[in-house]
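Dear colleague,

I am passing on a structure for you to look over, and my notes on it follow below. Please read them with the model open beside you.

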Amino acid sequence: MPEGMPPMPEPERYTKIETFKGVEIETIYRKAKTPIDPALENRDAEGAGMNAMGMGVCPALNPRTYEAAPGVICEQDVAVTLRDGTKIYADIFRPDTDEKVPVLISWSFYGKRPGEGMSEWQIMGVAPGTVSKMAKFESPDPMYWCYQNYAVANVDPRGVGHSEGDVNCFGTQDARDGYDFVEWVAQQPWCNGNVGMSGNSAVAMSQWRIAAEQPPHLKCIAPWEGTSDIYRENMFEGGISAYMFNEFIVGSVTGEHGVDDMVAMAKRSPLMNEYWEDKIPDFSKINIPVYCTACWNHFHLRGAFQGFRKIKTRKKWMRAHREFEWPDGYDREHLAELKMFYDRYLKDIHNCWESTPRVRLEVQDAKEFLYAKDRPEDRFPLKRTEYKKLYLDAANNALSWEPVEAESSFRYDGNDGVANFDIRFDEDIEITGYMKLRLWVEADGNDDMDLFVNIQKLDTEGEWLPITVLGEKHPGAWGKMRVSHRALDEELSTKFQPVQSHKKEEKLAPGEIVPVDIEIVPHSRFWHAGQSLRVQVAGRYIREGWFEPLMWETLNKGDHIIHSGGQYDSYLQIPVIPPKYQDGDIKYGTTD
């Protein structure tokens, strides 16, 4: 539970039989937080603050049309009937004009209006007054887009607020409902028939899934920072459960019916099955223009790049940056650029959007400083990547370019110990792409191990040199592994990205030494000559003030032992990026 929040009471639960990928599964639902009258809410004079995270404010239905701002009309609590007869509600903001306009959809379970669900969260890093009170949480702001001649539809999907039915979290049912809404809104008399989607985090995650259903009038999407695989990236990263944060998310959904209880399902079904697979979009079916972003320092990072790499459309763009999703999403330069994207595909304005580089990367340096800003690339991973190995030397807590001959081991307490392995670079080096960590490990006093990995940069004096995000020190590029989940999915894994199958558990026998291949999230950073890279391994997530309320339920006992050298070829594989062109000692293309 996020610090300062009171514990939530145990929810009322029930089950029903549902079919996922042709398999019937008993699904657990919980009663959603009951909507309450905002008049009863204890809020400050301006209605701001963190209140909506725990109160579940949801005004009574009040269908009406009114002027929300000069030149902006709001159709409030518009009822839309889905293919199975379920009725959902939306607030639609549109410019007061006779001209037909395209519409941007915000689809998530956060609540369609300030005061509903989680939409009153403080948007950290965004200047006060930037986002209007008409904006749904993490969504396009009607007070910006309506004045650009776009409509914005803030939707309460199935089960959210006063919408009928039970909330389906990121599954096929939710995606099909989104299809129905896209096709309904495209037929409205004020709409030009072109529909887009916009928003970050959960509002981005829904875009992948709805686009995969291929609604004919959905012409483009912009999923900025969106998880692609709920199991691997959110609930069981590396196989390690993260119930607490997900309990907070699921427990915050406000509605009159039930919510797909992903936490209860995770406890009952901790291995990959059809229920979890149903929450992975079929990226091969996304064939419309896509503009996505990824933050190097946020937990949506893996999913954003997975989506970008796997979608089949050739009209796709990625911008990877160091900033947190909220200040990046509401930045004036990025909003203007996003408008160009929508103008091209929702208004058919030929504005040279296609000349935008397919991939743009901010290559991080230290703290808030960048080595390169928006460097153009053709693809990701980069074609000129040279994969090299840094071998662990447990005897000296070091890394080496050459294989280590002598066998050795390093032991640390599985709960509060840490193992660091460093190498000092004699030359400048850029690491951009996917790293992977091969470790030979042993558990002394337990039959399993939870491993948390950070890849860090040290200054010339050997001190940690972090990236700062919103003023906080980010722990570094990361990876996680529950050793009993070490089996890989051979179809999904590549030479640079090992992907766990999570289909079985393989417990450790006493004295057993096993290899594990740990996926490290994509990264882009520059090391100057004299600086060092550190591989940090522990049985817990190590952070110093990092603000996100992320916690994992570990099962460590006893000691962890890391083996290296000889037959135990523990190593970190790194994607080294050479200059685009070199003429003798002159290197070209190393910066922007």
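**Rings, helices and empty space**

The charged end of Lys 389 lies over the ring of Tyr 571, at 4.3 Å from its centre, where a charge counts as sitting over a ring if NZ of Lys or CZ of Arg is within 6 Å of the ring centre and within 35 degrees of the ring normal. Arg 358 is likewise placed over the face of Trp 317, 5.8 Å from the ring centre.

This is a predicted model, in which local features need pLDDT of at least 70 and side-chain atom pairs count only at pLDDT 80 or more, while totals for chains, interfaces and linings use all residues. Residues are numbered from 1 along each chain as its sequence is written, and side-chain values use heavy atoms, with hydrogens and water left out.

Trp 317 also belongs to an aromatic cluster, whose members include Trp 145, Trp 224, Phe 341, Tyr 342 and Trp 353. Across the whole structure, a search finds 44 aromatic pairs; rings of Phe, Tyr and Trp (its six-membered ring) pair if their centres lie within 6.5 Å, and planes under 30 degrees apart count as stacked, over 60 as edge-to-face and the rest as tilted. One of these is the tilted pair of Trp 107 and Phe 181, with 6.1 Å centre to centre and 55 degrees between the planes. This pair links distant parts of the chain, since Trp 107 is in strand β6 (residues 101–107) and Phe 181 is in helix α3, 74 residues apart; helices (H or I, at least four residues) and strands (E, at least two) are DSSP runs, numbered from the N terminus. Trp 145 and Tyr 342 form an edge-to-face pair, at 5.5 Å centre to centre and 75 degrees between the planes, and they too link distant parts of the chain, from helix α2 (residues 142–145) to helix α11 (residues 332–346), 197 residues apart. Both Trp 145 and Tyr 342 are buried, that is, under 20% relative accessible area, with exposed meaning over 50% and partly exposed in between (1.4 Å probe, protein chains only).

Helix α4 is largely enclosed by the rest of the structure, because 11 of its 11 residues are buried. After α4 comes Gln 214, with a positive phi near 60 degrees.

As for empty space, the largest pocket has a volume of about 800 Å³. On a 1 Å grid over the protein atoms alone, a cavity is a set of points where a 1.4 Å probe fits but cannot get out, and a pocket is an open set with protein on both sides within 12 Å along at least five of seven lines; lining residues have an atom within 4 Å of a point. Grid points are joined across faces, edges and corners, and a volume is the space filled by probe spheres set on the points. The pocket is lined by 35 residues, with Lys 21, Glu 277, Ile 280, Pro 281 and Asp 282 nearest its centre, and α9 gives the most to this lining, with 4 residues.

There are also 6 cavities of 30 Å³ or more, and the largest has a volume of about 190 Å³. Among the 15 residues lining that cavity, Arg 232, Glu 237, Gly 238, Arg 302 and Glu 519 are closest to its centre, while β26 gives the most to the lining, with 3 residues. The second largest cavity holds about 100 Å³ of space, and Glu 237 is among its lining residues, together with Phe 299 and Trp 552.

Best regards
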